[in-house]
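Thank you for making time this morning. Please have the model open in front of you while I talk.

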Amino acid sequence: VSEYFALLLLATLGMGFVVTSRNLLGAFVALELVSLSLYAMTVLNQARRASAEAALKYLTFGAVASGFLLFGLSYLYGATGQLDLTQMTDLKHSPMLVLAYLLIFVGLGFKLALAPFHLWAPDVYQNAPTPVAGWIGSGSKIAAAGLLVALLQPVFDAPKLKEALIPALAALAVLSMVVGNLGALRQTNLKRLLAYSAIANAGYLLVGVVAFSAAGNTSVIFYILVYSLASLGAFGVVAVLTDTLGRDAEINDFNGCWKTTPGLAVAFLIFVLSLAGIPPLAGFLGKFYLFFAAIEAAPNAATWHDGFYWLVAFALIMSVASLYYYLRVLKAFLVAPADDRAAIAPIKIGGAAGVSLCVLALAVVALGLWPEPLLGLLRN
């Protein structure tokens with residue numbers, strides 16, 4: 001237990017440094033602190049062989065991704081002569097800068113679970129302890145998204161460099177949405193399904209990134225925050241129920257929750273509908289701001305004559321497709337009767353868990369109804 005809390009604090013400390021650092025070396029070291037802590041947390045359940053296998057896969061892919069990221073940052077330094085992001089001004093289009101950002105996209109694509117750098121995510125989400133999986137799917141994504149936004153900030157005033165990077169970002173977005181949504185359709189394990197949902201949501205996130213605007217940056221950070229709240233809440237509900245079940249979070253295991261644990265079923269409904277982007281919850285506004293930022297930037301797109309309208313349309317189609325697997329999960333929680341094998345006895349939720357889930361659910365609802373305070377803070 002003590003190791004868990006120590007690693008959790010180290011990961012949180014690293015995330016704080018990542019989102020506040022504007023120094024390339026400082027940000028990389030902080031991101032590695034986050035990664036190493038999460039690798040160790042994944043294997044905390046030493047009784048499960050699958051956890052050790054998932055942690056090894058996470059570590060192996062993570063080491064390779066860190067190498068790509070470090071190469072990208074070194075090329076960025078070589079092309080600009082600056083370690084401080086705030087001093088990188090008047091970037092000129094060059095092959096070295098394009099290569100630097102492409103390598104950075106590979107490194108951060110692993111952290112965000114973008115396809116095709118997502119292969120670690122389903123196994124890690126499924127086999128890591130559920131609270132750890134929730135933290136991997138929320139806190140680490142905030143840190144990686146914040147670093148991506150910061151690294152792309154100097155590109156805003158470099159039109160030719162921007163034009164060279166947009167196709168790569170758009171391709172990653174499309175591939176992630178396709179792989180995430182189609183992969184989730186055939187999953188029977190809830191944690192694995194949430195992993196593929198995270199891949200798809202990372203694709204939606206890039207729709208705001210390709211806008212290369214202040215509104216796009218604000219929408220990206222707002223979306224990753226509200227997504228992380230909903231994701232953390234969903235994993236919290238799963239953690240409470242799987243601890244009771246003593247099983248592996250198969251979707252059918254949750255049949256009948258609406259009768260035996262109505263409070264958890266309602267909370268899970270809020271979190272899943274937010275992940276699906278259903279109004280009036282925060283996830284809907286998050287997607288709206290992402291798509292609006294891309295549409296707003298479309299008339300200024302110099303080389304892509306139709307702007308980003310096609311990308312927004314594709315994201316909307318994928319969002320509709322995602323409703324199928326989200327509703328399949330909600331059917332188990334809210335409609336399907338419990339059978340003898342999957343019956344969940346009424347349980348008493350601990351005070352801390354109940355309060356935490358209530359706060360997360362209220363935050364998701366409140367940010368959907370009244371997002372202006374958070375948006376104002378992000379704009380400033």
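Where is the place of Phe17? Phe17 sits in helix H1, residues 2–20, where a helix is a DSSP run of H or I with at least four residues, numbered from the N terminus. Before going on, I should say that this is a predicted model, in which local features need pLDDT of at least 70 and side-chain atom pairs count only at pLDDT 80 or more, while totals for chains, interfaces and linings use all residues. Residues are numbered from 1 along each chain as its sequence is written, and side-chain values use heavy atoms, with hydrogens and water left out.

Phe17 has a relative accessible area of 46% and is therefore partly exposed, a class that lies between buried, under 20%, and exposed, over 50%, with a 1.4 Å probe and protein chains only.

Turning to the interior, the structure holds 5 cavities of 30 Å³ or more; a cavity is a set of points on a 1 Å grid, over the protein atoms alone, where a 1.4 Å probe fits but cannot get out, and lining residues have an atom within 4 Å of a point. A volume is the space filled by probe spheres set on the points, which are joined across faces, edges and corners.

The largest cavity has about 80 Å³ of space, and its lining includes Leu31, Tyr58 and Trp120. Helix H2 (24–42) and helix H4 (95–112) each give two or more residues to that lining, and H2 gives the most, with 5 residues.

In the second largest cavity, there is about 50 Å³ of space, and the largest share of its lining, 4 residues, comes from H9.

Note on methods:
On a 1 Å grid over the protein atoms alone, a cavity is a set of points where a 1.4 Å probe fits but cannot get out, and a pocket is an open set with protein on both sides within 12 Å along at least five of seven lines; lining residues have an atom within 4 Å of a point.
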